[in-house]
Amino acid sequence: MTGLLICFLFLFKGIVAYGLWFEEKWAVQAAIVDAVIGIAICFIMMAIIPFTVPSISFTIRLELIPLYFYLVKMQKIKKTWESL
């Protein structure tokens, strides 16, 4: 199940990258969804999994920093991008 989830996430990120590269109208909205999913998974891996699986210890996920800036940037350019 975990492998399928990871494959789905990579596939979705590839679709988002394709949309951003070729400046599709739906790409920014998909990028925002991608950022929110990434932030949610980081929080789950940081705050829930270490307390439910004893072999995994608590770690601070530094991926949250670029994900936050990615989300903010996509939200800022959303209206401009969709109006083009």
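Here is a short back-and-forth about helix α3, the core and some aromatic rings in this predicted model.

Me: Why is the pair of Tyr-68 and Phe-69 called edge-to-face?
Reply: Their ring centres sit 5.4 Å apart, and the planes meet at 70 degrees. Pairing needs centres within 6.5 Å and edge-to-face needs planes over 60 degrees apart, so both tests are passed.

Me: And what makes Tyr-18 and Phe-22 a tilted pair?
Reply: The centres are 4.9 Å apart, with 50 degrees between the planes. Stacked is under 30 degrees and edge-to-face is over 60, so a value that falls under neither heading counts as tilted. A search of the whole structure turns up three aromatic pairs, these two among them.

Me: Why is Phe-69 called exposed, while Tyr-68 is called partly exposed?
Reply: The cut-off for exposed is over 50%. Phe-69 has 53% relative accessibility, so Phe-69 counts as exposed. Tyr-68 has 48%, so Tyr-68 counts as partly exposed. Tyr-18, with 46%, is also partly exposed.

Me: How do you know that the span of α3 is close to what is expected?
Reply: Residues 64-83 reach 29 Å from first C-alpha to last, set against an expected 28 Å. There is still a kink of about 45 degrees, centred on Ile-77.

Me: What covers the buried residues of α3?
Reply: The cover includes α1 and α2. Leu-64, one of the buried residues of α3, touches Ile-39, Cys-42, Phe-43 and Met-46.

Me: Which elements give two or more residues to the largest nonpolar core?
Reply: That core has 16 residues, with Leu-64, Leu-71 and Met-74 among those with the most contacts inside it. The contributors are α1, α2 and α3, and α2 gives the largest share, nine residues.

Methods. Residues numbered from 1 in each chain as written. Predicted model: local features only at pLDDT ≥ 70, side-chain atom pairs only at ≥ 80, totals over all residues. Heavy atoms only, no water. Helix = DSSP H or I, 4+ residues; strand = E, 2+ residues; numbered from the N terminus. Expected span 1.5 Å × (residues − 1). Bend = angle between axes of the 7 residues up to and from the residue. Buried < 20%, exposed > 50% of the residue type's maximum accessible area, 1.4 Å probe, protein only. Contact = heavy atoms within 4.5 Å. Core = buried A, V, L, I, M, F, W, Y, C linked by side-chain atoms within 4.5 Å. Phe/Tyr/Trp six-rings, centres within 6.5 Å; stacked < 30°, edge-to-face > 60°. Lists of a residue's contacts leave out its neighbours within four places in sequence.
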